[in-house]
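Reader: Before I rely on the terms used for this protein, I should like to see how each is justified.

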Amino acid sequence: MEHVSSSKAHSPEKDDDSADTWSDDDCFVDAFGDLAALPVETSERRPTCLRCRRPQKVCLCPFLPTKPLDVSTCLYIVQHPAEESRVLRTVPLLAACLPPGKCNVIIGRRFNEAKNPELAEVCQDSRTLILYPGPNSRNLEDFIQRPQEGDITHNIILIDGTWSQAKNIFLKNSMLHLPKQVQLNRSLSSQYVIRTQPSNICLSTLECAAVALSILECNDIFQEVLLKPLKALCSFQLEHGAQVHHSKEHLLKNGMYDKTMPKNKRKIKRLEKLVTDHNCLLR
């Protein structure tokens, strides 16, 4: 911005005595000009690591595999738009561990064949499974490849969002009802302790993917490798002031739930269900 000044202050035709004739307006303009000449500070975003998508100062690449994991299973992450803006996300870490094309993220709330032809094609594929618990879900272990079946490459769809967001996406998109519905039958406890979970056994999207890949690829090393950056992320956050987040189920069981109980009967039943429901959810 150009410096704004009084024309009288710089006129060669005026002597020093002319300074006494300056008005208050002239002084105001000159003072404003001095302020206007100051350099403007612009806020810059912290440099981000291109692989793990974390700020470079807290890059988690040392905890990622040196090269992408060799997997035959293809993941499709149907992600609620709100997840994209969250700081502590697990999907970028998952994608960083897998080869290009093996972890595909589709963002949105509503999907149809015209707008999402790739997802529609995947949903219609007989090899596709959607990881979402429910009465119609089969255990994922039932789909472990048998030697006599030959090479079968599965697609896995996971819904990335909070419990309510994932539920809404699943219920409101008939396309997602086409694949075989599966759930995890292993008793696992989430290690994503820096984010509140509905239940003790609710898993993050990365954790669900890690277990699913270990089952379908018949190799537990996938779970170990994929959980390593998640553990590092949580450890770093806890070391820098974050608190361990107990699940709502844990708080309710131990009388530690300090929020006002809802008056809506459906919400009350939902909280009661957390104490007895043992399905694995995505979060």
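The exchange below takes a number of terms in turn and sets values against definitions.

Reader: What kind of model is this, and how are its residues numbered?

Author: This is a predicted model, in which local features need pLDDT of at least 70, side-chain atom pairs count only at pLDDT 80 or more, and totals for chains, interfaces and linings use all residues. Residues are numbered from 1 along each chain as its sequence is written, and side-chain values use heavy atoms, with hydrogens and water left out.

Reader: What is the average pLDDT of the protein, and where does pLDDT stay under 50?

Author: pLDDT is the predictor's confidence in each residue, from 0 to 100. The protein averages 75, and 62% of the residues score at least 70. The score stays under 50 over residues 1-23 and again over residues 278-283. Where pLDDT is low, the predicted coordinates should not be read in detail.

Reader: How many helices and strands does the protein have, and what makes a run of residues count as one?

Author: Helices (H or I, at least four residues) and strands (E, at least two) are DSSP runs, numbered from the N terminus. By that rule the secondary structure comes to 8 helices and 6 strands. Along the sequence the pattern reads α-β-α-β-α-β-β-β-α-β-α-α-α-α.

Reader: Why is Asn 104 called buried?

Author: Buried means under 20% relative accessible area, exposed over 50%, and partly exposed in between (1.4 Å probe, protein chains only). Asn 104 has a relative accessible area of 17%, and is therefore buried. Asn 104 belongs to strand 2 (residues 103-107).

Reader: Why is Trp 163 called partly exposed, and why is Lys 67 called exposed?

Author: Trp 163 has a relative accessible area of 25%, so the term is partly exposed. Lys 67 reaches 63% relative accessibility and therefore counts as exposed. Trp 163 lies in helix 4 (residues 163-171), whereas Lys 67 is in the loop between helix 1 (24-36) and strand 1. Measured against sequence separation, Trp 163 and Cys 202 stand 39 residues apart, with 9.2 Å between their C-alpha atoms. For Lys 67 and Cys 97 the separation is 30 residues in sequence and 7.5 Å from C-alpha to C-alpha.

Reader: Which residues is Asn 104 in contact with, leaving aside its neighbours within four places in sequence?

Author: Contact means heavy atoms within 4.5 Å. Beyond those neighbours, Asn 104 is in contact with Cys 74, Leu 75, Tyr 76 and Ile 77. In addition, a polar atom of the Asn 104 side chain lies 3.2 Å from the backbone oxygen of Gly 101.

Reader: How do you know that strand 3 and strand 5 pair?

Author: Two strands pair if DSSP finds at least two bridges between them. Strand 3 (residues 128-131) and strand 5 (residues 155-160) are joined in the parallel sense over 4 bridges, so the requirement is met. Within this pair, Leu 131 stands opposite Leu 158 of strand 5.

Reader: How many bridges join strand 6 to strand 3, and how many to strand 4?

Author: Strand 3 and strand 6 run parallel and are joined by 3 bridges, with Ile 130 opposite Gln 181 of strand 6. Strand 4 and strand 6 pair in the parallel sense over 2 bridges, and Val 182 in strand 6 is the bridge partner of Arg 138.

Reader: What is the order of the strands in the open sheet, and which are the edge strands?

Author: The 6 strands form an open sheet in the order 2-1-5-3-6-4, with parallel pairing. Strand 2 and strand 4 (138-139) are the edge strands, since each pairs on one side only. Helix 3 (residues 117-124) packs on the sheet, touching strand 1 (74-79), strand 2, strand 3 and strand 5.

Reader: What makes helix 5 mostly covered?

Author: In helix 5 (residues 205-216), 12 of its 12 residues are buried. Those buried residues pack against strand 1, helix 2 (91-97), strand 3, strand 5 and helix 6 (221-239). Just after helix 5, Cys 218 takes a positive phi of about 55°.

Reader: What share of the protein's residues count as buried?

Author: Of the 283 residues, 42% count as buried.

Definitions and conventions:
A polar contact is a pair of N or O atoms within 3.5 Å; within protein, one must be able to donate a hydrogen and the other to accept it, and residues adjacent in sequence count only if both atoms are side-chain atoms. Axes are lines fitted to C-alpha atoms, for helices over the stretch in contact, and angles run from 0 to 180 degrees between N-to-C directions. The expected span of a helix is 1.5 Å times one less than its number of residues.
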